[in-house]
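Please open the structure below in a viewer that can select residues by number. The tour that follows proposes a series of selections and states what is found at each.

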Amino acid sequence: MATIPPKIKVLLSGNERLQKLKEDFHGKYGQMPLFYARAPGRVNLIGEHIDYCGYAVLPMAIEQNILAAVSVNDSQTIQLANTDSRYKDFTVSVDGITIDRENPQWHYYFLCGVRGIQEHLSLSSLAGMCCVVDGTIPASSGLSSSSALVCCAGLVTMEANQKSLSKVTLAETCAKCERYIGTEGGGMDQSISFLAEEGTAKLIEFNPLRATDVKLPDGAFFVIANCCVEMNKAASSHFNMRVVECRIATKMLAKARGVDWQRLLKLGDLQKELKVNLDEMLELLEEVLHPEPYSREEICTTLGISAEQLCENILSTNTQHASHFKLYQRAKHVYGEAARVLQFKAVCDSSPANAVTQLGDLMNQSHASCRDLYECSCPELDQLVDICLKAGAVGSRLTGAGWGGCTVSMVPGERIDSFLQTVRERYYVPDARRSALEKQSLFVTRPGGGAAIFIEE
């Protein structure tokens with residue numbers, strides 16, 4: 001795999017979307033773009049909410065992506081426009097970039113990528129830019145539209161300032177800088193956006209970041225279906241609450257084992273520290289944590305800290321209000337899901353005759369764990385998963401952060417047409433709003449390529 005994002009020469013006459021973006025750019029700025037940048041969305045096949053706990057995940061890039069047309073100038077400003085009229089134009093001085101995490105607008109995600117690259121490269125000044133952004137990833141759908149926008153902006157900033165960074169460095173930098181908007185993610189979305197390759201899913205591992213090809217079984221298709229409930233991670237505290245619950249569970253388990261709990265933040269790091277396997281971590285969890293929610297007082301007493309120290313050192317900005325924490329359930333999901341990822345890869349590698357059935361079972365177990373232990377599903381997602389299984393999927397689960405967004409289903413090739421028809425009739429057609437969104441909400445996907453720069457020939 002090439003270590004830096006590819007630069008591809010393209011004939012725009014053969015690409016309707018790039019041609020239209022070029023026209024939009026010219027109409028907006030009265031000039032032609034210098035280059036284009038692409039960053040894909042992704043679907044996570046298995047491994048939900050465990051990247052920020054230090055565990056491997058198994059996503060693939062999808063064909064839907066964020067595309068930007070860019071020109072470079074010495075205006076000392078960054079001008080942003082979007083082909084979707086819901087997203088307003090924005091202009092900012094290159095030395096006045098600020099990100100308002102209380103107000104997660106589209107342009108702030110773009111500026112996260114700009115600022116991340118600027119800080120990583122220690123650039124005292126940035127090139128001025130005009131950009132028009134076009135996206136085909138449904139927003140707040142669990143397919144990583146926001147992270148793809150951050151990644152696209154990072155790639156644009158690198159290219160506009162005539163620098164070169166590896167895919168791994170870009171992924172790590174973009175994962176870190178998305179936190180400017182308040183999302184404490186783990187790096188899966190940015191990693192697959194840069195490290196994806198056409199035709200293969202990837203096992204993404206962290207510390208150090210690396211990606212391994214995972215060949216998916218022949219004869220099975222992956223279908224994405226959007227439940228049409230939107231969830232913006234940066235605008236709600238659900239996501240960061242789960243990060244915090246896993247952090248506290250790590251510290252409580254570490255304390256019980258006599259390990260230096262103050263420096264440990266991730267359940268995966270604790271496992272490394274104890275040098276035990278995932279089954280042993282699940283045993284430790286049963287022994288140490290109780291299923292009833294923990295109060296602030298119980299956590300403080302167990303760790304020997306004050307309420308102020310809990311707020312300052314452990315809780316995040318938008319979880320300061322929390323009074324109860326489900327530590328047992330969250331940690332049980334993480335350790336179980338981490339094991340399912342490794343089992344999923346092992347089945348893909350050994351490719352037994354019943355591989356599709358085995359993988360489907362793992363996907364179903366994953367959804368049950370997300371629903372019951374991690375509580376990141378919603379009634380619409382559960383209904384959609386149920387419809388997908390009855391329509392012929394061997395496995396179906398929520399994908400992405402949850403609380404809305406999409407399901408991913410594994411469907412044998414011979415059932416694909418009847419599957420799509422049944423899901424359409426049972427989930428989309430009866431509801432006018434869903435029916436209107438159906439065309440971009442239900443589709444078969446295959447592993448797509450990663451982020452790239454395009455230059456017109």
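Select V43 and its bridge partner in β3, M60. The model is a predicted one, in which local features need pLDDT of at least 70, side-chain atom pairs count only at pLDDT 80 or more, and totals for chains, interfaces and linings use all residues. Residues are numbered from 1 along each chain as its sequence is written, and side-chain values use heavy atoms, with hydrogens and water left out.

**The sheet of 7 strands**

Extend the selection to β2 and β3, which pair in the antiparallel sense over 10 bridges. Strands here are DSSP runs of E with at least two residues, helices are runs of H or I with at least four residues, and both are numbered from the N terminus. Two strands count as paired if DSSP finds at least two bridges between them.

Now colour the whole sheet to which these strands belong: an open sheet of 7 strands in the order β1-β15-β2-β3-β6-β4-β5, with mixed pairing. At its edges stand β1 (7-10) and β5 (90-93); each has a single partner strand, so one side of each is left without a neighbour in the sheet. From one strand to the next, the twist averages 25°. Angles run from 0 to 180 degrees between N-to-C directions, and axes are lines fitted to C-alpha atoms, for helices over the stretch in contact.

Select β3 alone. Of its 16 residues, 13 are buried, so β3 is largely enclosed by the rest of the structure. Buried means under 20% relative accessible area, exposed means over 50%, and partly exposed lies in between (1.4 Å probe, protein chains only). β3 also pairs with β6 in the antiparallel sense, over 8 bridges; select L67 to see it opposite D134 in β6.

Move next to β4 (residues 77-82), which pairs with β5 in the antiparallel sense over 4 bridges. Here I78 stands opposite V92 in β5.

**Helix α5**

α5 packs on this sheet, touching β2 and β3, and its direction makes about 125° with that of β2. Contact means heavy atoms within 4.5 Å. Select residues 188-195 to display α5; 8 of its 8 residues are buried. Among them are M188, D189, F194 and L195. The elements that cover the buried residues of α5 include β2 (35-46), β3 (58-73), α3, α4, β7 (201-205) and β8 (210-214).

**The sheet of 4 strands**

Turn to a second selection, an open sheet of 4 strands with the order β12-β13-β9-β14 and antiparallel pairing. Its edge strands are β12 (395-399) and β14 (442-445), each pairing on one side only. Neighbouring strands of this sheet are turned by 25° against each other on average, direction ignored.

Select β12 together with β13 (residues 406-412): 5 bridges join these antiparallel strands. R397 stands opposite V408 in β13, and L398 has T407 as its bridge partner. The two strands form a hairpin with 6 residues between them, and G400 in the turn has a positive phi of about 90°. All of β12 may be checked for cover, since 5 of its 5 residues are buried.

Add helix α14 (residues 416-428), which lies across β9 (220-226), β13 and β14 and runs at about 15° to β9.

**The pockets**

Which residues lie nearest the centre of the largest pocket? Select Y87, P138, A139, S140 and S145, which belong to a lining of 48 residues. A pocket is an open set of points on a 1 Å grid over the protein atoms alone, where a 1.4 Å probe fits and protein lies on both sides within 12 Å along at least five of seven lines; lining residues have an atom within 4 Å of a point. The largest pocket has a volume of about 1100 Å³, a volume being the space filled by probe spheres set on the points, which are joined across faces, edges and corners. α15 gives the most to this lining, with 4 residues.

The second largest pocket holds about 520 Å³ of space. Select R179, G185, G186, N207 and K266, the closest to its centre among the 27 residues that line it. The elements that give two or more residues to this lining are α4 (167-177), α6 (238-256) and α7 (267-274).
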